[in-house]
Amino acid sequence: MKKMKKCIQFLSSKLTPKLARQMQDPLAVFSGGLPSWCHQLTKACPFLFPFETRRQYFYSVSFGLSRALQRLQQQQSAENSNLNNNIELRVGRVQRQKVRVDRHRILASAMKVMEMCGSHKAVLEVEYFGEVGTGLGPTLEFYTLLSHELQKKVLGMWRSGSCSKESVMAENVEMWDVEQHGAFLHANEVSKISTVETEEFVQASQGLFPRPWPPNADSSQGSQFSKAINYFHLLGQVMAKSLQDGRLLDLPLSTSFYKLVLKQELDLFDIQSFDRELGTTLQEMDALVHRKKFLESLDDDNGKASSDLLFHNARIDDLCLDFTLPGYCDYVLKSEGNNIMVHIDNLEEYISLVVDATVRTGIMPQMEAFRAGFNQVFPLSSLQIFTESELESLLCGGRELWAAQSLVDHIKFDHGYTSNSPSIVNLLEILGEFTPEEQRAFLRFVTGAPRLPPGGLAALNPKLTIVRKHSTGANGGVKGTAQATDRDLPSVMTCANYLKLPPYSRKEVMRERLMYAITEGQGSFDLS
């Protein structure tokens, strides 16, 4: 299973269209009567089918009849639209559950939302107190804001560079209660929290991976540890709910974390994928252990030679290592381990204990809490048909956002604009010049989420639409003049992926006003 992504040459050109036809059969979907071979083959031999086919199968069988019908309706509507066919299948719609949250207390609100609605089959829709926005845009931003909250150092969830700083900050974390009234959350008597250190996020260039907690953490650091466990439970619920509703998260999780989600075992060689320095050091030490064993296996007396083995020109004894976990001084690897020094003869035991604490014992309670939260929404086992990279694509969308030459093919121009309009030509040039971070900011401004779904801009639903915004003169100048137009700002309807763009006089003016709107337009949903 670990090497499934390397087996793409085994794709079956006969089974793939057969499975696709089964999923397009309304009667089979309505009755839940897909043939048993569909489940058996996708589970046992997922490499026989391309990712897109397995993704369609996943959404057809994992979330119940109503969602399967909705997805079939959407697919057939798209196909009928492309074929100019007016025949459509309409069999009801999925229920929606609206909740209202405080955007300044996203984490606490999310816990209450998931407690109330996590196990419900209804599609979650989010609104914010004091804001008029509703629908897809605010909901997508909710998942984005929550993704960022879950990356804060104070939560004690993820590996970071300093164990002491983590411990101090984690003590400041508070669990809040949120008032409940019907299907809405009320933000009465908001608790104050220190903003000095809570604004610091875990920086993980190789992706987020759970920080290890010692086996006695429940007794020695009970409050901190139990909060971290609660957050992983929340993460499982949120991840499952986002998959169920087709929302995207903005969480840079490591490949190894996705392997754990898929119930794959990690070992020494996986550590390098989320902590390059520790992983490389342990592998070099492991090579030294094997060298020692080789020397001792020779017939000659090599005991002295093996004891003189060096690690980067230093004896193991001179490294002053003890049996505590590197980077986590409170994690003692064995009884009295902080008083036992590492040397060449116990180096193998040291490596084994570090690996176990890093990828097994030290993170087991967190992953159990994550799986428990996930299973409250739908079975985690449903994800076994994907690889870790495919799962990342499902949850967070593609890493690549767009290429300049493909923009015009996947954007709709309407209400005063065509693809040849001077303002559209300028806009496409600006979008093509955007850096990756500017692309993310633009996407969040227009759609509410900083990432595109699997398939990129072509898969965005509703399609990105750009229309002409007429000047009102509200910002100065005579209504309808170029001077008044250049003072206006673009506005958006995130629920429809709809950008209202004034016909600016110059490209430079358009870029300046667009970037200003992107920067200053975050943080609330109001009428435009």
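## Helices α1 and α3

In this predicted model, helices α1 and α3 are oblique to each other. Helix α1 covers residues 15-23 and helix α3 covers residues 36-44. Their axes lie 11 Å apart and meet at an angle of about 130°, which falls short of the mark of over 145 degrees for roughly antiparallel and outside the 65 to 115 range for roughly perpendicular, so the pair counts as oblique. The crossing of α1 and α3 is left-handed.

On the α1 side, the contact is made by Leu15, Lys18, Leu19 and Gln22. Helix α3 contributes Trp37, Cys38, Leu41 and Thr42. Five residues of this contact are nonpolar, two are polar and one is charged.

## Helices α17 and α20

A second helix pair is formed by α17, residues 422-433, and α20, residues 507-520. Their axes are 10 Å apart, at an angle of about 60°. The two helices are therefore oblique to each other, and α17 passes α20 in a right-handed crossing.

From α17, the contact involves Ser423, Asn426, Leu427, Glu429, Ile430 and Glu433. From α20, the residues are Lys507, Met510, Arg511 and Leu514. By type, the contact of α17 with α20 has four nonpolar, two polar and four charged residues.

## The loop before α20

Pro503 sits in the loop that runs between β10 (498-501) and α20. Its relative accessibility is 23%, so Pro503 counts as partly exposed; the cut-off for buried is under 20%.

Beyond its neighbours within four places in sequence, Pro503 is in contact with Tyr417, Ser423, Arg468, Lys469 and Thr485. Ser423 also belongs to the contact of α17 with α20. Tyr417 is 86 residues away from Pro503 in sequence, yet the C-alpha atoms of the two are 9.3 Å apart in space.

## Helix α16

Helix α16 spans residues 388-396, and eight of its nine residues are buried, so this helix is largely enclosed by the rest of the structure. The buried residues are Glu388, Glu390, Leu391, Glu392, Ser393, Leu394, Leu395 and Cys396. Just after α16 comes Gly397, with a positive phi of about 80°.

## Backbone features in loops

Most residues other than glycine have a negative phi, and most peptide bonds are trans. Several loop positions in the model depart from this pattern.

Asn313 is not a glycine, yet has a positive phi of about 65°. Asn313 is located in the loop between α13 (303-307) and β5 (324-325), and with 73% relative accessibility it counts as exposed. Cys320 lies in the loop between α13 and β5 too. Cys320 has a positive phi of about 60°, again without being a glycine, and is exposed, with a relative accessible area of 60%.

The peptide bond that joins Asn461 and Pro462 is cis, with omega at about 0°. Pro462 belongs to the loop between α18 (436-447) and β8 (465-468).

## The protein as a whole

The protein has 20 helices and ten strands. Of its 528 residues, 49% are buried. The exposed surface amounts to about 25200 Å², with carbon and sulfur atoms supplying 51% of it.

Among contacts with a separation of 6 or more, 72% join residues that are 24 or more positions apart. The contact of Pro503 with Tyr417, across 86 residues of sequence, is one of these.

Terms used:
Residues numbered from 1 in each chain as written. Predicted model: local features only at pLDDT ≥ 70, side-chain atom pairs only at ≥ 80, totals over all residues. Heavy atoms only, no water. Axes fitted to C-alpha atoms, helices over the stretch in contact; angles between N-to-C directions. Helix = DSSP H or I, 4+ residues; strand = E, 2+ residues; numbered from the N terminus. Parallel < 35°, antiparallel > 145°, perpendicular 65-115°, else oblique. Left-handed = near helix turned anticlockwise from the far one by under 90°. Contact = heavy atoms within 4.5 Å. Nonpolar A, V, L, I, M, F, W, Y, C, P; charged D, E, K, R; others polar. Buried < 20%, exposed > 50% of the residue type's maximum accessible area, 1.4 Å probe, protein only. Areas by Shrake-Rupley, 256 points an atom, 1.4 Å probe, with all protein chains shown as cover.
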